[in-house]
Amino acid sequence: MPEILEVEASRRLLEERALRRRITALDAPDPWYLKRGLDAGALHDTLVGRRFTAARRHGKLLLLDIEPGSPAAASDRDHEHNPVLGLRFGMTGQLFVDGHRALDRLEYASNRPEPAWERLILHFGVRGRLLVRDPRRLGAVELDPDEDRLGVDALALTGPDIDRILGRSRAPLKAVLMDQSRLAGLGNLLTDEVLWRAELDPARRAGALDSAERRRLHRVIARTLRELGARGGSHTGDLMHSREPGGVCPKDGTPLARRTVAGRTTYSCPRHQR
DNA sequence: ATTGTGGCCTGCCCGC
DNA sequence: TGCGGGCAGGCCACAA
C-alpha cells in the first residue's frame, strides 16, 4: 500500500526519468479513474505537446508541474498558475517509467503485468512511457488537485506541528495520525509501526498525550520514516512480520492485540503500548 | 466542528 | 476442483 515512503520513491523516479520529456500521446482507458470532472479529452489537451517541469509530493499525493502551452497563451494567462497533474495511488496503484518502477514489490497488490490494469499511459515519443497500473482502481488521476486540504507533510514534521495536530482532540490517536487533513502521509502500516515504537496505545485519546509523550511521538515519526525509507518502504517495519493473527510483540513476546481502531485493522502490544 | 461509519473497488486466500 | 465469503486500506460521502 503506497504510503508516504512509496510515494516519495515514486516522486524520485519521476524526477530522474520523466521530467523535461515531451508528452506525445496518452491513453486513459478508464474514465472512472479520472476524477473531478476530468475526461480523456481534457487531459489530452492539457498534456500532449508539453513536458513536466517538476515532480512534487504532499503526503501521499504526487504532483507533476506541467509547462505552459505556447508563449502567447502563457502571457495571455499570466495571472493563472500552470496546470498540475495529480496522481493518487490508493492502495494498489503503482508507477512505472519506461521499464523502471519505484518499488520492488507492492504489499497487498498483485505485481502481475496485466494490461487491463493500466489506468493511465503517457507516451514520450515512440519508446518512452509513464504508466500507472492499479488493479483495484482505488487510485486517481486529477488536474490541479486541491493541496490545501492536506495537513503538514509527515516528512517535514516539526515539534510544534505535533501540538497543533493532536490539539485537544478526543479522537483515537491513530485516527488523528491517519487524518490526512491534519498530518499527510501516514497510512495504516506506518501508523501501527510508529505507535508500537513510541509505546503509545492507538486507542488513546489524542489530546490526552502529555508533553513528554508528544515529544516522543514526534521523534519516533521522524526516525521511523528515515529508517524505513532507507530500508525500502512501509512494509519493512519491525512490527510488520508480527502483524498477523497469532503474532507476538517483537519487544517482549506478548501476544499482540488485534482490534479495529479508526476503522482499520490495528495491531498493538497490550503490555507496553499505553 | 468533530468524530464515526460504511461503501467503493477487485484480486486473493481460506475453508468447505 | 469450484465457489462463496472475508479481507486488504486510501479516500470520500454522509450521519450523529
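A polar contact is a pair of N or O atoms within 3.5 Å, and in this predicted model the contact between Arg264 and DNA strand C meets that cut-off, because a polar side-chain atom of Arg264 lies 2.5 Å from a base nitrogen of the strand.

Two further contacts involve the backbone of the DNA. A phosphate oxygen of DNA strand C is 2.9 Å from an N or O atom in the side chain of Arg258, whereas for Asn188 a backbone N or O atom lies 3.0 Å from a phosphate oxygen of that strand. Around DNA strand C there are 19 residues, of which Met91, Arg136, Leu138, Arg258 and Arg264 come nearest, and sugar and phosphate make up 53% of the atoms of the strand that come within 4 Å of the protein. The surface near the strand comprises eight charged, six nonpolar and five polar residues, with α6 (188-198) and β13 (264-268) each supplying at least two residues.

Turning to the interior, the structure holds two cavities of 30 Å³ or more. The largest cavity has a volume of about 40 Å³, and its lining consists of Leu189, Asp192, Glu193, Ser234, Gly237, Leu239, Met240 and Arg243, which divide into three nonpolar, two polar and three charged residues.

The second largest cavity, with a volume of about 30 Å³, is lined by Pro2, Glu6, Ser10, Phe89, Gly93, Gln94, Leu95 and Leu103. Here α1 (4-17) and β5 (94-97) each contribute at least two residues of the lining, and by class the lining has four nonpolar, three polar and one charged residues.

Definitions and conventions:
Residues numbered from 1 in each chain as written. Chains lettered and ligands numbered in written order. Predicted model: local features only at pLDDT ≥ 70, side-chain atom pairs only at ≥ 80, totals over all residues. Heavy atoms only, no water. 1 Å grid on protein atoms, 1.4 Å probe; cavity = no way out; pocket = protein on both sides within 12 Å on 5 of 7 lines; lining within 4 Å. Points joined across faces, edges and corners; volume = space filled by probe spheres on them. Nonpolar A, V, L, I, M, F, W, Y, C, P; charged D, E, K, R; others polar. Helix = DSSP H or I, 4+ residues; strand = E, 2+ residues; numbered from the N terminus. Near = heavy atom within 4 Å. Polar contact = N/O pair within 3.5 Å; in protein donor to acceptor, adjacent residues only side chain to side chain.
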